[in-house]
Amino acid sequence: MNIQHNISLKPFNTFGIDVLAKSMASFSSADELMILLDAISEDVMILGGGSNVLFTKNVDAFVLKNEIAGMEVVKEDALHVYVRVGASVNWHAFVQHCIVQNWSGVENLSLIPGNVGASPMQNIGAYGVELKDVFFTLDAYDMQERKIRTFTLNDCAFGYRDSIFKKELKNQVVILDVTFRLNKVPSFNTSYGAIEEELAKMDVKELNIAAISQAVINIRSSKLPDPKVIGNAGSFFKNPTVNMIKYFHLKSQFENIVGYKQPKGEMKLAAGWLVEQCGLKGHRNGDAGVHDKQALVLVNHGHATGSDIFELSEKVIDAVKKKFNITLEREVNIY
Ligand code: FAD
Ligand code: NAP
């Protein structure tokens with residue numbers, strides 16, 4: 001619970017932005033968290049792996065690092081296993097554990113940075129699978145009601161890169177652990193993106209979750225910047241959805257526009273494609289840049305400040321608005 005003051009957050013965010021936290025402490029149980037909260041009068045900011053945040057200034061709030069560990073099977077039936085995982089467990093380590101145990105459901109979510117505790121925040125998703133598909137419940141400490149609450153699937157209002165924790169309950173709850181419902185009998189999902197192509201390249205004879213995980217790892221490693229090498233927080237913007245009228249209007253102007261039909265009859269557009277069409281792929285403003293392999297990702301080439309990255313994001317939003325009359329929404333949490 002060691003409280004530190006004027007700490008650089010550079011090692012604690014994958015953009016590598018050098019700002020100071022006025023105060024910072026960690027907690028490794030709900031009891032420790034409650035003791036800390038009793039002792040603090042400032043606002044608090046909960047930090048996981050720092051892979052979905054952009055710090056644009058020094059942080060006045062008291063930064064609390066969640067270090068609740070542990071992984072345990074809490075229930076099992078013929079088809080499913082229910083696993084409770086502490087918030088500080090690294091997401092990919094959890095995925096790897098599932099693969100070793102032959103529990104399916106999270107293999108498509110391989111190699112997503114960050115911690116399990118943050119995974120419900122934006123209902124993490126990749127390659128056609130979202131956290132909500134394997135979510136069972138979570139326990140969170142409600143800082144206003146001052147009690148631990150259990151949230152079921154319906155309580156979380158999961159949406160596309162969204163949840164109640166990013167909206168109504170923003171900064172109000174601290175997620176302590178998440179319980180997942182994983183499948184003992186796998187149902188494979190390989191239709192998305194380049195997975196099948198990669199599996200063919202890998203010469204996989206009999207499909208299995210370890211192979212799917214490896215295929216996803218291979219694809220991600222080939223096109224996404226590794227935050228250890230170049231600072232970034234993954235996709236900076238969400239993919240926008242438009243109604244069919246707007247989509248066909250755009251299609252008449254931009255023949256190659258990339259769109260995917262959504263269940264409610266809308267079209268999801270690939271934001272990376274929109275940014276690329278504005279001529280911004282690989283663009284640089286000093287050390288703030290648009291990644292040259294995936295235009296949805298903004299990067300820190302070295303010494304960019306959070307404001308530099310934020311200004312670049314404004315430039316991208318303006319350019320897309322001007323060319324397509326679409327307003328991109330940021331996915332990354334701005335502080
Ligand atoms: P942080 O960045 O530490 O926090 C994110 C937000 O959640 C903050 O607002 C923080 O206050 C809050 N928070 C964190 N922990 C808690 C808690 N225990 N209780 C309450 N609030 C909390 N995301 C995807 O969805 N799909 C992807 O495929 C994907 N790929 C990525 C690839 C790269 C290279 C990178 C850098 C990022 C990627 N991301 C992706 C984004 C990011 O990894 C995820 O959003 C991840 O879940 C963030 O976890 P974190 O622990 O780093 O959260
Ligand atoms: P990609 O495969 O090049 O595809 C580009 C976009 O098209 C993606 O954003 C994806 O939307 C969409 N798409 C592709 N195939 C689709 C299908 N069959 N049905 C519906 N939509 C489809 O994307 P990528 O950049 O390499 O990323 C691959 C996956 O990893 C995507 O799911 C992406 O969301 C995820 N990812 C997320 C982050 C992040 O930080 N959030 C970072 C890197 C990768 P969706 O994004 O809606 O899936």
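The following dialogue discusses how two ligands and one pair of helices may be read in a predicted model.

Biologist: Which conventions apply to this model?

Modeller: The model is predicted, with local features needing pLDDT of at least 70 and side-chain atom pairs counting only at pLDDT 80 or more, while totals for chains, interfaces and linings use all residues. Residues are numbered from 1 along each chain as its sequence is written, chains are lettered from A and ligands numbered from 1 in the order in which they are written, and side-chain values use heavy atoms, with hydrogens and water left out.

Biologist: How many residues surround ligand 1, and which are the closest?

Modeller: A residue is near a molecule if one of its heavy atoms lies within 4 Å of it. Here 32 residues surround ligand 1, the closest being Ile46, Gly49, Ser51, Arg220 and Tyr335. By class, 16 are nonpolar, 14 polar and two charged (Ala, Val, Leu, Ile, Met, Phe, Trp, Tyr, Cys and Pro count as nonpolar, Asp, Glu, Lys and Arg as charged, and the others, Gly among them, as polar).

Biologist: Which polar side-chain atom lies 2.6 Å from a nitrogen atom of ligand 1?

Modeller: A polar contact is a pair of N or O atoms within 3.5 Å. The atom in question belongs to Arg220. Oxygen atoms of ligand 1 are likewise approached, at 2.7 Å by a polar side-chain atom of Tyr335 and at 2.9 Å by a polar backbone atom of Pro113. The protein covers 94% of the 980 Å² of accessible area that ligand 1 has on its own (Shrake-Rupley method, 1.4 Å probe).

Biologist: What surrounds ligand 2?

Modeller: Its shell has 17 residues, of which Arg161, Tyr192, Lys268, Gln294 and Glu331 come nearest. Six are nonpolar, six polar and five charged. Oxygen atoms of ligand 2 lie 2.8 Å from a side-chain N or O atom of Lys223, from a backbone N or O atom of Ser235 and from a polar side-chain atom of Asn239. Of the 790 Å² that ligand 2 exposes on its own, the protein covers 80%.

Biologist: Which helix and strands each supply at least two residues to the shell around ligand 2?

Modeller: Helices (H or I, at least four residues) and strands (E, at least two) are DSSP runs, numbered from the N terminus. The contributors are β8, α4 and β13.

Biologist: How do α2 and α4 cross?

Modeller: Axes are lines fitted to C-alpha atoms over the stretch in contact, with angles from 0 to 180 degrees between N-to-C directions. The axes of α2 (residues 91–101) and α4 (residues 209–223) come within 9 Å and cross at roughly 150°. The pair is therefore roughly antiparallel (over 145 degrees).

Note on methods
Polar contact = N/O pair within 3.5 Å; in protein donor to acceptor, adjacent residues only side chain to side chain. Parallel < 35°, antiparallel > 145°, perpendicular 65-115°, else oblique.
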